[in-house]
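Trainee: I am new to this structure and would like a close look at a single part of it. Could you take me through one residue and its setting, and then show how that part sits within the whole?

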Amino acid sequence: MPHAERDAAAGPGRPDEPDDAPTGGRSPWILVAIAGALSFTALLDMNIVNMALATIATDLDVSPSMAQWAVLGYQLAVVSLLLPAGRWLDGGRGTGGVGLRPALLLAVSGFAVCGMLAALAPWMAWLAVARIAQGTFGALLFVLMPVLVVRAVPASLRGRAMSVPATLGPLGAVTGPAVGGVLLDAFGWRAVLLVKLPVCLAALLVVARVLPRRGGLVAPGRQPLTDAALVGGAVAALLLGLTLAPGAPAWLLLGLAAVPPLVWWTRRPATRPVLDVVRASGVAGVYGAVFSLAAGFAAMHYVVALRLQSGSGLSATATGLTVLAFPLAMGVMGPLGGRLADRCGPRPTAIAGACVTAFGLTLLALHGDHWTQADITWRLALAGAGMGLYGGPTQTLVMTAAPPRALGVAGSLVQLSRSLGFAVGPALAGAAWGLAGRADGARYGLVISAVAAWLCVLLLATRRRTPSGKPAPAPEPAAR
């Protein structure tokens, strides 16, 4: 990348120095650590409640399907509001309205307060509304985390810095069920909803002390509500169709109801800034790659957890320990992925990591019917190692290619792609399992997971062209 482009990617201010860098001589890695902790917490919260649904249904005297709104309400709010939150952040910054510090304080405090309100819920309606509200602040958190990292460190360290939240986020998603099971057995379901409070309090203290006082908050206007309704309606129709398909395959046709609102959304004038960011960056395929591998990862996790318990007779604790091979390997390889991205470039590193993950998932799909912990553990560790190499470089690739004044939209698109994958993957694997039957369902679910991972490799390896007709510039490795 030419020096002028690298300086522009670093944001306003002096070349290679972020505009919202911490003051007072404090290390910018404090903010990177906070972004990683919040990423872990937000994705942990998206999955940890799954373990408590049966207990919530019994305690609040509702059906299991109604209790699922403790999870669905959060997920739908996150997916629906990611893009509106990114546009609000970028639009406000362009007018001098929205500052990084007040936006972070709003998101973290709102996330924590809604979590406390959910834990105090005396009935299901209260819990569902509190979780929807928490998902609203969670969407803002997801958008702000990559922006915080980009503005905290110079461009030469961006790959290493991006690997922190990109690794810790999926770690939270994978470890959520295990942490939830321990808390549920020891303290009950309300403790599951309060687990994020210590991290939120620490983040509030650090952000208030480290980030400079710049900018304020502005009202988002009516456009975000319309965007949220269209995107949320489309996603809800798709997930509902996949969820009901095992009982009656005709429900898959409900997925067609997602097309009209999506088409309407793409034709709205307010959507043009989002589409312009995708076209200008030249990395449109990377967003598809993020969705594809997230769907494959989530589908694998869903199938393996059920298969180990139902088919191999393992306890929940033994299953949780086996599945932990994936996040442990991912955590070990995540920092290496960031260093390789800074040295060799983010795209080659991301492709290499995705190939390793796809190979590991393929070995899982080709495994026979007789599963043992040892056989599954090393395959999960191989796939997790690849995810560690892939995560940070992929996010670096997107955020570096984005126009400097559209970092919020670029960050929200990455998070939207990942969140959609996390939601669609298990639903798709569950539909395949139900339609194929108990005997072959797990195998078909894992085949879907492996195919999604190889599709990610293909999308990463395909260089898109910018509107000028030239391939998108690849970020240069940092000078040594």
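Mentor: Let us begin with a term: a residue is called buried when its relative accessible area is under 20%, exposed when that value is over 50%, and partly exposed in between. Please keep in mind throughout that this is a predicted model.

The residue I would choose is T396, which lies in helix α18, the helix that runs over residues 373-401. Its relative accessible area is 5%, and because this is under the 20% limit, T396 counts as buried. The side chain of T396 reaches back to its own stretch of chain, where the backbone oxygen of G392 is found at 2.8 Å. If we leave aside the neighbours within four places in sequence, T396 is also in contact with R158, G159, M162 and P346.

Following the chain onward, we come to A402, which is placed in the loop between α18 and α19, the latter covering residues 407-436. A402 has a relative accessible area of 4%, so this loop residue is buried as well. Its C-alpha atom is separated by 9.7 Å from that of R279, although A402 and R279 are 123 residues apart along the chain.

With that part in view, we can turn to its wider setting. The protein has 20 helices and zero strands, and of its 480 residues, 55% count as buried. Among the contacts between residues at least 6 apart in sequence, 83% join residues that are at least 24 apart.

The surface offers a contrast to the buried T396. The protein exposes about 18,900 Å², of which carbon and sulfur atoms supply 68%. A nonpolar patch on that surface is formed by V113, M116, L117, L120, W123, W126 and L194, which together have about 650 Å² of accessible area. Helix α6, spanning residues 100-119, gives the most to this patch, with three residues. M116 is found in helix α6, and because its relative accessibility is 37%, it counts as partly exposed.

Finally, the cysteines deserve a careful word, since a search of the whole structure finds zero disulfides. For C355, the nearest cysteine sulfur is that of C456, at 8.8 Å, and C355 is in no disulfide. C355 is partly exposed, with a relative accessible area of 27%, and C344 is likewise partly exposed, at 43%.

Note on methods
Residues are numbered from 1 along each chain as its sequence is written. This is a predicted model: local features need pLDDT of at least 70, side-chain atom pairs count only at pLDDT 80 or more; totals for chains, interfaces and linings use all residues. Side-chain values use heavy atoms; hydrogens and water are left out. Patches are made of residues with over 30% relative accessible area and no salt bridge: like charges are joined within 9 Å, nonpolar side chains (Val, Leu, Ile, Met, Phe, Trp, Tyr) within 5 Å. Accessible areas come from the Shrake-Rupley method with a 1.4 Å probe; for residues, only the protein chains shown count as cover. A salt bridge is a side-chain nitrogen of Lys or Arg within 4 Å of a carboxyl oxygen of Asp or Glu. Helices (H or I, at least four residues) and strands (E, at least two) are DSSP runs, numbered from the N terminus. Buried means under 20% relative accessible area, exposed over 50%, partly exposed in between (1.4 Å probe, protein chains only). A disulfide is a pair of cysteine sulfur atoms within 2.5 Å. A polar contact is a pair of N or O atoms within 3.5 Å; within protein, one must be able to donate a hydrogen and the other to accept it, and residues adjacent in sequence count only if both atoms are side-chain atoms. Contact means heavy atoms within 4.5 Å.
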